[in-house]
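Colleague: I should like to learn how to read a model of this kind, feature by feature. Could we begin with a single helix and then turn to the pairing of charges?

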Amino acid sequence: MPLASRAELSSFLEDVEKRAFKQAVYALRNEEAALDAVQDAMLKLSASYGDRPCDEFPMLFQRILRNVIYDAMRRRKVRNTWVSLFSALTGADDPDADPLEMLGAGTDPDGRDTPHGRLEQARTLQVIEREIARLPARQREAFLMRYWEEMDIAETAAAMGCSEGSVKTHCSRATQTLAAALKARGVEL
Amino acid sequence: MNEVVVGRRIAMRLSASARELDPVVVEHLRAARARALERQRPQGWLAVLATGVGALGAGFALTPATRSAVMAGLILAVFFAGNQWVSDSRQSEILQVDAALLMDDLPIDAYLDPDFKTWLLQGSRS
């Protein structure tokens, strides 16, 4: 199998980077953290597997991205534990916190503002993205790899480190949950 | 609608969303990609050779077994070409010595004759 050239690696990264960023945003709900995760994943793929055949890139990249996202989640969990512990000890709230900003963050987990009068398509997109972000992590990963990255069941199973049967189950549940949630919100696909 | 159709339609919407990313984010991603490419794992000479043979094999639709045979043939060809080059170099040196001897009008047997050496010594004394 031919090994990847620099141009082929570049082409793969260019093709996948935006989707990878959105995947990271759905999982981490923070654009900066998502950018860091994608950058980290790209560096690791290039430095460790840059000479592998192109066909292996999608599976390898998804596996790396998944691990990077989980690492970021673990770090954030530890940091949040310390912050909440410190806040409980000091008993002080942030004096600069704006309640309106907090309300906004609660209604828009992606941190994106939607101007009034935006097209219906944009609203639909936002609803879909929100519902995807709400899916359990494993279901979301399986769904995005299968239908967005167009990886087959075997590749998805290899990237997720689980059986092909589990991939099918996760995908099926994710699709049913999304379809039901979108229908309840009046979104037609 | 079945599962696959729903999945594909949602994916289409998501692709539209990914195309409309903030230009600042797009620029960050481009820079990250450039940094990643700078660190691409270099290919060793064996990998490069394998790539070349692989490309050759792909070009001529060779089977893996045939590809291995082509690679072995290439290695043998390099060996024999090196051997031929060394042989040619030696032959060229011998030709140069021969030419020098001919230009001096000196028979080659003169250097092998013990009396010739004695004659040279006597000549230098006188």
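Modeller: Let us take helix α1 of chain B, residues 3-19, where helices are DSSP runs of H or I with at least four residues, numbered from the N terminus. The expected span is 1.5 Å times one less than the number of residues. For the 17 residues of this helix that gives 24 Å, and the end C-alpha atoms are 24 Å apart, which agrees. This is a predicted model, in which local features need pLDDT of at least 70 and side-chain atom pairs count only at pLDDT 80 or more, while totals for chains, interfaces and linings use all residues. Residues are numbered from 1 along each chain as its sequence is written, chains are lettered from A and ligands numbered from 1 in the order in which they are written, and side-chain values use heavy atoms, with hydrogens and water left out.

Colleague: Which residues of α1(B) are buried, and what covers them?

Modeller: Buried means under 20% relative accessible area, exposed over 50%, and partly exposed in between, with a 1.4 Å probe and protein chains only. In α1(B) the buried residues include Val6(B), Ile10(B), Leu14(B) and Ala18(B). Their cover includes α1 (6-28), α5 (120-134), α6 (137-148) and α8 (164-184) of chain A.

Colleague: How should one read the interface of chain B and chain A as a whole?

Modeller: One starts with contact, that is, heavy atoms within 4.5 Å. Here 33 residues of chain B and 44 residues of chain A take part. Buried area is the accessible area (1.4 Å probe) that two parts lose on being put together, summed over both. For these chains the value is about 3,700 Å², with 65% from carbon and sulfur atoms. Of the area that chain B buries against chain A, Arg13(B), Leu14(B) and Arg33(B) supply 18%, more than any other three residues.

Colleague: How many salt bridges cross this interface?

Modeller: Side chains of opposite charge can pair when their charged atoms come close. The rule asks for a side-chain nitrogen of Lys or Arg within 4 Å of a carboxyl oxygen of Asp or Glu. It finds 2 salt bridges across the interface of chain B and chain A. In one salt bridge, Arg33(B) meets Glu17(A) at 2.9 Å, N to O.

Colleague: Which parts of chain A does the salt bridge of Glu141(A) and Arg66(A) tie together?

Modeller: The two side chains meet at 2.8 Å, N to O. Glu141(A) lies in helix α6 of chain A and Arg66(A) in helix α3 (residues 57-90) of chain A, so the pair ties together parts that are 75 residues apart in sequence. Both Glu141(A) and Arg66(A) are buried.

Colleague: Is Arg19(A) buried or exposed, and what does its side chain touch?

Modeller: Arg19(A), found in helix α1 of chain A, counts as buried at 16% relative accessibility. A polar contact is a pair of N or O atoms within 3.5 Å; within protein, one must be able to donate a hydrogen and the other to accept it, and residues adjacent in sequence count only if both atoms are side-chain atoms. The side chain of Arg19(A) makes such a contact with that of Glu149(A), at 3.0 Å. These two residues are 130 residues apart in sequence and 8.2 Å apart in space, C-alpha to C-alpha.

Methods:
Helices (H or I, at least four residues) and strands (E, at least two) are DSSP runs, numbered from the N terminus.
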